[in-house]
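Visitor: I have a protein model open and want to understand the labels attached to it. Could you take me through the reasoning behind them?

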Amino acid sequence: MSEVPSKNRLETLLRSLLDEGLTDAQRQELGELILANEQHRRRYLEYCQMHGLLRAEHGVLAACTDLEEAEAPIQPRPARWRYTRRRLWTAAAAAALLIAAGGIWHLSNRQPAPFRGEPVALLQEQIRAQFAYGPNGEPTPRPGAAMPAGPYELTRGIIELQSFSGVSLTLEAPATFTLLGVDGMRITNGRIAAHVPKSATGYSVEIPNGTVIDLGTDFAIDAVRGEKSEVHVFKGEVQVKLSGAKAIGSTPLHLKTGEATKIDFLTGMPSGIDLDEGRFLRGLEAKPREYTRRVLALQPAAYYPMEPAGDGALLRDACPTRSDARISFGNAKESVWAAGKVGLAFSMGGPAQQTFAVAPDYPKTQGDELSVVAWVMAKSRPRWGSIAKNWAGSDEWGQFHFGLYYDSGELEAHIQDSSGAEVTVKDTVPIPLNAWHHVAFVADGSMLRLYRNGVEVDAAPYHELRGNPLIKALAIGTKLNLAANAPDSHDFNMWDGRLDELAVFNHALTVDQIRELYDLGDAERF
């Protein structure tokens with residue numbers, strides 16, 4: 001930047017400093033200008049001194065005087081005031097120097113770039129990922145980027161890496177890890193799932209108080225800094241060499257398919273625990289699955305397999321109409337993607353998190369038949385917890401209302417018939433928590449039927465299907481207001497848990513088709 005433009009920019013920043021304040025970026029820019037030019041530093045010091053004196057003499061002090069005192073004749077300043085003004089002038093100068101020094105200190109104490117060696121892996125996929133310092137310094141590297149050896153901090157999102165040895169690694173933020181080479185890595189905090197082909201047998205992952213050595217496996221690790229490390233084996237076998245304070249020299253631990261252990265951080269001693277497949281994401285690639293093929297063969301109007309699309313903020317509609325749903329992340333601090341019943345699932349945190357998704361308009365039935373199916377896992381039962389709804393407020397009824405009943409949490413579905421009555425079917429027990437359930441309702445032209453895990457739990461007659469045509473949106477995980485621009489403010493209707501494989505059909509599914517989808521989903525594995 002030439003001298004004149006840089007001087008003008010300095011004056012602009014100085015005025016902003018006193019008027020509305022500076023942003024972090026502007027503060028850094030001001031520091032760089034001061035650091036780069038002696039005259040700029042002198043001008044900055046003079047500016048701070050002048051305004052410090054003006055504030056002392058006409059600003060804060062004047063504001064503290066009574067009106068009568070302000071209107072009184074001005075008296076000569078006593079010697080004590082002149083002494084005080086010199087002190088204020090000195091203080092202003094010192095403050096200016098401190099601010100300037102602070103800006104220069106900020107510039108000279110930036111964190112150095114971490115060590116980076118030779119490339120040892122590729123970034124295969126990522127969902128809204130952000131690094132403190134990416135492979136080449138960038139915070140959001142693109143898929144296909146080479147990942148050099150060295151330390152990394154994943155602050156947001158999910159990534160899938162492939163080591164040059166062929167090992168696939170899926171990491172969820174927040175995660176702190178180091179790529180040691182093509183045959184190994186270290187994780188100090190975070191979750192990682194690994195698929196190790198036979199050609200890469202022996203791949204090792206260093207954890208606090210130990211090293212996990214693959215013997216041809218699919219396994220996962222959950223490391224919590226300063227507390228514990230867990231190792232879960234989905235398939236195959238691993239050896240865990242223990243190195244904690246109490247475990248040095250002890251016999252290595254062997255874990256096989258279906259086994260897991262927790263290693264205490266303080267002592268390094270292991271304790272057997274139950275395998276938890278649902279905690280870990282084991283890949284981001286959408287794989288062809290029999291469940292997906294069968295749903296599509298049944299010709300849904302809208303189908304959300306809950307596989308991320310685009311920038312990771314969409315629920316992709318697998319139907320030709322492509323009525324994709326945009327995610328509203330609300331207060332989500334962690335990823336909204338989790339292990340699903342079939343592949344990935346959309347994960348929400350209830351009223352506190354306020355995460356949901358909306359398809360602004362989707363193909364709605366023009367007849368008297370309708371079916372909706374999904375896989376759901378509830379962590380709690382929020383009031384009127386929503387699976388999916390084409391409904392609005394408490395007085396505007398669309399084509400369907402599907403979720404949990406009020407505070408007791410039974411699965412239920414509502415439609416409106418030609419008489420204007422609300423027809424409801426409801427399960428007899430609150431939905432069991434922390435387990436996957438296949439849920440469905442079918443309006444077949446004369447009866448509304450509700451199913452859980454392939455079994456009919458309630459039914460009610462109706463005559464014709466009605467709905468307010470002004471309610472166009474499909475809300476997933478909430479119920480919207482009539483304008484479809486926010487959740488209904490009265491009951492909130494947020495889902496707490498995971499939703500997967502949501503499909504809307506503008507025709508009636510048979511009981512055999514409902515049962516088939518339940519059996520297929522229950523048989524799906526990663």
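Guide: Start with the rule for a salt bridge: a side-chain nitrogen of Lys or Arg must lie within 4 Å of a carboxyl oxygen of Asp or Glu. Keep in mind that this is a predicted model.

Visitor: What makes Glu-230 and Arg-279 a salt bridge?

Guide: Their closest N and O atoms are 2.8 Å apart. The cut-off is 4 Å, so the pair qualifies.

Visitor: Which parts does that pair tie together?

Guide: Glu-230 lies in strand S9, residues 228–235. Arg-279 sits in the loop between strand S13 (270–274) and helix H6 (290–297). The pair therefore ties together parts that are 49 residues apart in sequence.

Visitor: Why is Glu-230 called buried?

Guide: Buried means under 20% relative accessible area. Glu-230 has 4%, so the label holds. Arg-279 has 19%, so it is buried too.

Visitor: Is Lys-228 buried or partly exposed?

Guide: Partly exposed, because its relative accessibility is 23% and the class runs from 20% to 50%. Lys-228 also forms a salt bridge with Glu-230, with the closest N and O atoms 2.8 Å apart.

Visitor: What makes Glu-277 and Arg-282 a salt bridge?

Guide: The closest N and O atoms are 3.2 Å apart. That is within 4 Å, so the pair counts. Glu-277, at 24%, is partly exposed. Arg-282, at 22%, is partly exposed as well.

Visitor: Which residues do shared partners join into one network?

Guide: Arg-191, Asp-222, Lys-228, Glu-230, Asp-276 and Arg-279. By the 4 Å rule, the count for the model comes to 20 salt bridges.

Visitor: How do you know that the buried residues of H6 line one face of the helix?

Guide: The buried residues in H6 are Tyr-291, Thr-292 and Val-295. Seen down the helix axis, the buried residues of H6 fall within an arc of 100 degrees, so they line one face. Their cover includes strand S14 (302–304), strand S21 (369–378) and helix H8 (511–523). Just after H6, Gln-299 takes a positive phi of about 60 degrees.

Visitor: Why is strand S8 called mostly covered?

Guide: S8 spans residues 218–224, and 6 of its 7 residues are buried. Each of those 6 is under 20% relative accessible area, so the label fits.

Visitor: How do you know that S8 and S9 pair?

Guide: Pairing needs at least two bridges. S8 and S9 have 7, in the antiparallel sense, so they pair. Val-224 has Lys-228 in S9 as its bridge partner. The two strands form a hairpin with 3 residues between them, and Gly-226 in the turn has a positive phi of about 75 degrees.

Visitor: What makes S5 and S8 a pair?

Guide: Strand S5, residues 184–195, meets S8 over 6 bridges, also antiparallel. At least two are needed, so this pair passes. His-195 stands opposite Asp-218 in S8.

Visitor: Which residues touch the most other members of the largest nonpolar core?

Guide: That core has 48 residues, and Tyr-304, Leu-315 and Phe-441 are among those touching the most other members. The largest share, 5 residues, comes from S21. A second, separate core of 38 residues includes Leu-169, Ile-192, Phe-219 and Leu-242.

Visitor: What does Tyr-304 touch?

Guide: Leaving aside residues up to four places away in sequence, its contacts include Leu-315, Ser-323, Ala-359, Ile-476 and Glu-501.

Terms used
Residues numbered from 1 in each chain as written. Predicted model: local features only at pLDDT ≥ 70, side-chain atom pairs only at ≥ 80, totals over all residues. Heavy atoms only, no water. Buried < 20%, exposed > 50% of the residue type's maximum accessible area, 1.4 Å probe, protein only. Helix = DSSP H or I, 4+ residues; strand = E, 2+ residues; numbered from the N terminus. Arc of directions from axis to C-beta. Contact = heavy atoms within 4.5 Å. Core = buried A, V, L, I, M, F, W, Y, C linked by side-chain atoms within 4.5 Å.
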